[in-house]
Amino acid sequence: MSFKKTFFKNVLVTGGYNYLSQLIVFLSSFITARLLLPENYGLVGLITVFTNFISVFADSGISLAVIKSDYRHSYHKGMDGLALYIGILLFALTSLLAWPIASFYNNHALILPAIVLSLTFITRSMSIVRGALLSKSLNFNDIGKITLINTVISILLTILLAYWGAEHWAIILPQIITSIISVIYYEHKTNLGYHLYGFNYIRIAFRHTRNSIQNLLGFNLVNYWSRNADNLIVGKIYGVSELGIYNRAYSLLTLPLSLVTGLMGTVLYPSLKKLNSEGGDINKEYTFVLKVISIIVYPIAFIFIIFPTELVSVLWGKNWLEVSTLLPYFGLLIFGQSLLSTTGNVLVLMNKERDLMISGWFGAFFTIAGIVIGAYYSLQGIAQFYSLSFILFVLPFNMIYIFHHALAFKLKPLLIFWLPIILLSLGIWLSCYFEHNNAKLVLLLIMLVNLIVSSKNEIRSTASIVISRISSSKRTSS
């Protein structure tokens with residue numbers, strides 16, 4: 001079976017579960033947004049700024065190393081032990097930091113929730129290697145199943161706890177319970193075993209993948225702060241309620257990234273690993289995937305930019321209308337971030353983790369600079385200068401350094417694909433900033449035409465594969 005057919009087969013399997021899960025989350029937000037207040041989400045957001053940063057160390061590239069390597073059971077057990085020890089260490093570290101974190105925000109109500117939430121470091125560390133083994137075997141059906149199961153359980157628990165007045169605990173406790181369920185399910189499917197090997201196995205396993213893990217960790221650290229410096233600044237300067245508003249807007253940005261690039265990235269890495277081992281053309285197939293992604297995310301960005309107020313009103317009601325002022329600028333980020341978020345998988349596969357780390361450092365510097373500048377003006381200013389910095393600096397740098405230099409893409413096709421996206425995004429940003437609605441609509445339509453023309457072969461090929469796959473599934477079921 002060709003790369004494209006195998007890739008889209010796994011995307012459809014994984015996507016079926018993921019999209020159903022996200023639809024459930026989306027529909028449940030109608031209820032949770034009315035049971036929980038911005039302050040509840042904001043309090044959890046203050047904690048997760050730091051716990052999510054610490055969680056960067058939890059995986060540290062372990063899952064990618066397991067998928068990439070050709071080692072067997074002893075190596076897997078050694079990496080599993082390493083992941084667990086890291087998880088226990090991170091739990092202890094977060095517990096010790098709970099009081100300083102609360103003091104930083106001058107809000108000591110954060111201490112107990114931070115300690116409780118950090119328990120997930122231990123439970124989730126036990127899923128890292130087991131989940132990687134399922135991905136390595138392209139067993140996306142089981143990965144999708146547990147995603148759906150955990151989503152349903154988490155939503156039900158959140159609604160019940162919120163209805164009973166649990167406030168922020170309605171967001172925290174379901175995370176712990178679902179992480180335990182994941183461990184049990186993954187172990188059932190992989191039979192890796194809970195018995196830990198001796199420390200020598202762990203040390204040897206780490207030695208075989210040390211360089212890869214160190215470079216990935218360097219990238220993840222700076223990439224985390226480039227994506228979360230805004231939460232830290234909003235929480236510190238503007239307070240819990242405003243952070244709740246900002247997090248709600250940001251969640252709409254991460255939703256399409258999770259639905260599209262997160263899904264495709266999950267399938268892309270092991271699929272490209274298999275293609276590479278068979279001597280296939282990685283750049284050709286990767287270009288195909290990028291063009292497909294650009295077409296898929298366009299309608300989402302269009303809605304964010306043109307109908308932000310209507311979208312927020314329908315979803316969450318009048319308590320959240322301030323979110324709509326941020327959405328157009330986050331809509332612009334969807335174009336670039338959805339494409340760049342897949343580069344890490346390809347760079348790791350080609351042993352170019354150092355280039356990935358350098359790209360992360362560059363992007364983090366300009367992203368954080370934009371956020372800091374915007375924070376001097378307003379909450380909306382953060383979204384405005386965050387997106388502007390990304391368009392002006394991060395996208396052009398990655399076009400040249402990552403795609404041309406590291407991945408050896410030819411310059412002319414790169415310019416044909418990327419320049420219209422960068423220039424049109426800048427034009428749309430200016431029309432949003434100066435509130436020229438007609439110009440905004442015209443530029444978005446020009447971008448759509450450009451995407452369709454430049455990706456017409458990919459659209460035709462994708463449609464053919466998807467229709468063939470659906471027809472085949474119907475014949476099988478009948």
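**Exercise 1. Identify the residues with the most contacts inside the largest nonpolar core, and the helix that gives the most to this core.**

Solution. Of the 103 residues in the largest nonpolar core, Tyr246, Phe330, Phe403 and Trp418 touch the most other members. A nonpolar core is a set of buried Ala, Val, Leu, Ile, Met, Phe, Trp, Tyr and Cys residues joined through side-chain atoms within 4.5 Å. Buried means under 20% relative accessible area, exposed over 50%, and partly exposed in between (1.4 Å probe, protein chains only). The helix that gives the most to this core is helix 18 (residues 379-406), with 16 residues. Helices are DSSP runs (H or I, at least four residues), numbered from the N terminus. A second, separate core has 18 residues, including Ile67, Ile86, Ala132 and Leu192.

The model is predicted: local features need pLDDT of at least 70, side-chain atom pairs count only at pLDDT 80 or more, and totals for chains, interfaces and linings use all residues. Residues are numbered from 1 along each chain as its sequence is written, and side-chain values use heavy atoms, with hydrogens and water left out.

**Exercise 2. Describe the surroundings of tyrosine 246 and tyrosine 386.**

Solution. Begin with tyrosine 246. Leaving aside neighbours within four places in sequence, tyrosine 246 is in contact (heavy atoms within 4.5 Å) with Asp230, Asn231, Val234, Leu326, Phe330, Leu379, Ile382 and Tyr386.

Next, take Tyr386 from that list. Tyrosine 386 is found in helix 18 and is buried, with a relative accessible area of 1%. Its side chain makes a polar contact with the side chain of glutamine 337 (3.2 Å). A polar contact is a pair of N or O atoms within 3.5 Å; within protein, one must be able to donate a hydrogen and the other to accept it, and residues adjacent in sequence count only if both atoms are side-chain atoms.

**Exercise 3. Explain on which side or sides of helix 14 its buried residues lie.**

Solution. First, list the buried residues of helix 14 (residues 308-316): Pro308, Leu311, Val312, Leu315 and Trp316. Second, consider their arc, taken from the directions from the helix axis to the C-beta atoms. These residues cover an arc of only 95 degrees around the axis, so they lie on the same side of helix 14. Finally, glycine 317 follows helix 14 and has a positive phi, near 85 degrees.

**Exercise 4. Classify the packing of helix 7 against helix 8.**

Solution. Helix 7 (residues 128-136) and helix 8 (residues 140-163) pack at an angle of about 135 degrees, with their axes 8 Å apart. Axes are lines fitted to C-alpha atoms, for helices over the stretch in contact, and angles run from 0 to 180 degrees between N-to-C directions. Angles under 35 degrees count as roughly parallel, over 145 as roughly antiparallel, 65 to 115 as roughly perpendicular and the rest as oblique. Helix 7 is therefore oblique to helix 8. The contact is made by Gly131, Leu134 and Ser135 of helix 7, together with Phe140, Asp142 and Ile143 of helix 8.

**Exercise 5. Locate asparagine 191 and glutamate 435, and state whether each is buried or exposed.**

Solution. Most residues other than glycine have a negative phi. Asparagine 191, however, has a positive phi near 55 degrees. Asparagine 191 lies in the loop between helix 9 (169-190) and helix 10 (199-208) and is exposed, at 59% relative accessibility. Glutamate 435 also has a positive phi, of about 60 degrees. Glutamate 435 is in the loop between helix 19 (411-433) and helix 20 (437-454) and is exposed, with a relative accessible area of 64%.

Conventions: Helices (H or I, at least four residues) and strands (E, at least two) are DSSP runs, numbered from the N terminus.
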